[in-house]
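Student: I have a model open and would like a close look at a single part of it. Could you walk me through the strand pairing there, and then through some of the charged contacts?

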Amino acid sequence: MAGAFRVVDVKTTPIDGQKTGTSGLRKKVAEFKKPNYLANWVQSLFSSIDGLKGSSIALGGDGRYWNKDAVRIICRIAAANGVAKVLVGQNGILCTPALSAVVRRRELLGGIILTASHNPGGPNADFGIKYNVSNGGPAPESVTDKILTNTKTISTYGLACVEDADAGTEADPFGSVDLSVVGASEFKSTDGAAFTIDVVDSAADYVELLQSMFDFEALKALFARSDFSFLFDAMSGVTGPYAKRIFVELLGGPADCVMRGEPLEDFGGAHPDPNLTYAADLVASCDPTKSPNAPAMGAASDGDGDRNMILGRGFFVTPSDSLAVIAAKAKEAIPFFKDGLTGVARSMPTASAVDHVATKMGISCYETPTGWKFFGNLLDAGKAQICGEESFGTGAFHVREKDGIFAVLCWLSVLAHENASTKEGELISIESIVTEHWKVYGRNFFSRYDYEEVDSEAGAKLMATVAKVQEEMVAAADGSGSMTLDDFPVKVTTADNFSYTDPIDGSVAKGQGLRFVFADHSRLVFRLSGTGSSGATIRLYAEQYETDETKQAEDAQVALKPLIDLALKVSNLKEITGRSSPTVIT
């Protein structure tokens with residue numbers, strides 16, 4: 001035994017504002033570092049879980065500032081609550097899909113992820129925590145509701161302390177554990193309960209899983225082609241070590257094919273969100289007008305490794321198109337899907353590109369609220385095998401999280417398959433693959449406008465304004481249910497606040513976004529996002545479906561301008577928020 005510890009019940013009081021959102025609890029680091037803030041939430045979590053005593057859980061994060069401190073605090077509370085073993089990622093690191101893989105492969109009770117995902121890191125930036133259940137997916141509302149209830153009534157939390165009572169509660173009885181060294185350290189409480197901290201290779205389980213899913217030999221052959229080059233931007237987030245192991249060590253890419261590959265506590269002062277704005281360096285590197293040696297494929301992932309962006313040479317693949325192409329090519333290009341698909345799923349704001357694929361393939365397509373947890377039941381029940389969100393999230397039933405590197409490997413597999421018989425110098429490009437896809441399924445022009453850190457009251461007022469417009473439209477609908485939005489020439493067939501009834505358990509999620517669906521399949525959607533740590537983020541989504549090949553090459557912002565102008569007008573967005581332009585356009 002490495003040492004002994006005693007369990008102390010530390011007195012505390014409830015702290016307001018600890019409601020767990022779709023992606024966990026996210027606040028500023030300063031908030032998490034306040035006395036008892038993290039401890040209250042973790043104890044409330046443990047008090048919400050059945051079967052905790054004697055169980056094993058996983059623990060890791062994206063390496064942002066305060067990650068290791070939080071790992072040690074959580075281990076002490078876990079031990080005090082009777083957890084038998086905590087599997088901690090080496091250096092406190094586990095990317096989100098890797099934690100899901102560890103939970104599933106090792107049949108753990110669940111796992112705690114320390115991340116604020118794509119939000120900035122550092123002493124003055126964001127921190128976050130969330131819990132994944134035994135299927136490897138985010139905790140459902142039945143669990144998060146219990147956590148919230150417990151945060152409102154908590155009076156004590158358990159804490160493992162050094163055996164010497166005179167030492168107080170500050171000293172960490174597990175301080176001897178070196179998180180940089182793989183191996184197990186065993187402890188025993190003064191009442192005889194055993195506790196183990198097992199530091200595990202952060203990549204092993206996850207990489208082995210991916211190797212079982214994809215044809216790595218075919219991918220190595222792609223990397224060996226003289227006309228193929230690849231660049232991955234880890235954005236100084238958690239995926240750097242994973243990318244080096246996969247793209248460099250296993251697939252044979254050059255060391256410099258991974259940029260910003262060292263995880264940094266502040267992500268290098270950047271915003272680790274893989275989109276055209278925050279991954280501008282990668283975008284420029286993939287633009288042949290700016291970089292003569294632009295790679296054939298570029299990709300990026302976010303702070304915790306669950307998001308992805310795919311680029312061709314001078315070409316951006318929208319997340320909605322990415323999902324649709326992967327679904328269309330999955331059976332023939334990816335061994336994991338060799339038996340075909342029975343269904344796919346997308347979040348409601350995501351463009352309906354994958355719907356058209358599903359229709360032609362004769363499989364089911366599910367439309368869910370935003371939040372990966374809504375895909376969990378569909379995946380567990382075998383109703384869907386591939387899922388995606390417009391917010392750069394793509395995943396499958398191998399884990400229960402969106403998975404950035406999985407999406408990148410999917411695209412590499414599609415490229416390898418399409419070029420299996422092409423000569424060097426005749427590489428079929430990502431742009432060619434996507435434009436050919438449009439010819440078969442039509443193009444869904446899509447764009448998202450993000451207005452970040454808007455005053456919360458202004459955000460609520462805007463949503464109320466749009467809801468009032470919908471109410472008046474519905475009241476004035478003609479006998480066929482057709483409606484008119486302002487003076488727009490295309491009729492509206494649906495104007496509602498999206499609600500979802502889970503086809504597996506019957507649970508209902510209401511108020512998931514205000515949407516306008518037009519007779520030509522175009523759409524406008526308004527949502528308030530809960531993934532930030534302060535203020536509100538207003539998201540405006542615009543989509544237009546185009547089957548005419550002669551119009552499919554048009555710039556998306558040009559094609560969507562009439563819809564976006566309409567949305568800005570009817571929502572009164574500029575006047576209500578004071579914003580003349582969005583923070584980010586995707």
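Student: In which sense do β8 and strand β9 (residues 194–200) pair, and over how many bridges?

Tutor: Happy to take you through that part; please keep in mind that this is a predicted model. β8 and β9 pair in the antiparallel sense, and 6 bridges hold the register between them. If you want a residue pair to click on, Ala-184 stands opposite Asp-198 in β9. The two strands form a hairpin with 4 residues between them, and there Gly-192 takes a positive phi near 95 degrees.

β8 (residues 183–189) has another partner as well: strand β1 (residues 3–11) runs parallel to β8, and 3 bridges join the two. On that side, Gly-3 stands opposite Phe-187 in β8.

Now for the charged contacts. Side chains of opposite charge can pair when their charged atoms come close. The structure holds 29 salt bridges, and a few of them are worth a look one by one.

Start with Asp-126 and Lys-28, whose closest N and O atoms are 3.1 Å apart in a salt bridge. Asp-126 belongs to strand β6 (residues 126–132) and Lys-28 to strand β2 (residues 25–28), so this pair ties together parts that are 98 residues apart in sequence. Asp-126 has a relative accessible area of 4%, so it counts as buried, whereas Lys-28, at 30% relative accessibility, is partly exposed.

Next comes the salt bridge between the side chains of Glu-389 and Lys-402, at 3.8 Å from N to O. Glu-389 lies in strand β17 (residues 386–389), while Lys-402 lies in the loop between β18 (393–396) and α13 (404–418), so the contact ties together parts that are 13 residues apart in sequence. Here Glu-389 is buried at a relative accessible area of 3%, and Lys-402 counts as buried at 8% relative accessibility.

For a pair within a helix, turn to Lys-561 and Asp-565, where the closest N and O atoms of the salt bridge are 2.7 Å apart. These residues are 4 residues apart in helix α16 (residues 556–571), which means that about one helical turn separates them. Lys-561 is partly exposed at 47% relative accessibility, and Asp-565 is partly exposed at 38%.

Finally, salt bridges can be followed through a network here: Arg-346, Asp-355, Glu-367, Asp-496, Arg-515, Arg-523 and Glu-543 are linked in this way.

Notes: Residues numbered from 1 in each chain as written. Predicted model: local features only at pLDDT ≥ 70, side-chain atom pairs only at ≥ 80, totals over all residues. Heavy atoms only, no water. Pairing = 2+ DSSP bridges. Salt bridge = Lys/Arg side-chain N within 4 Å of Asp/Glu carboxyl O. Buried < 20%, exposed > 50% of the residue type's maximum accessible area, 1.4 Å probe, protein only.
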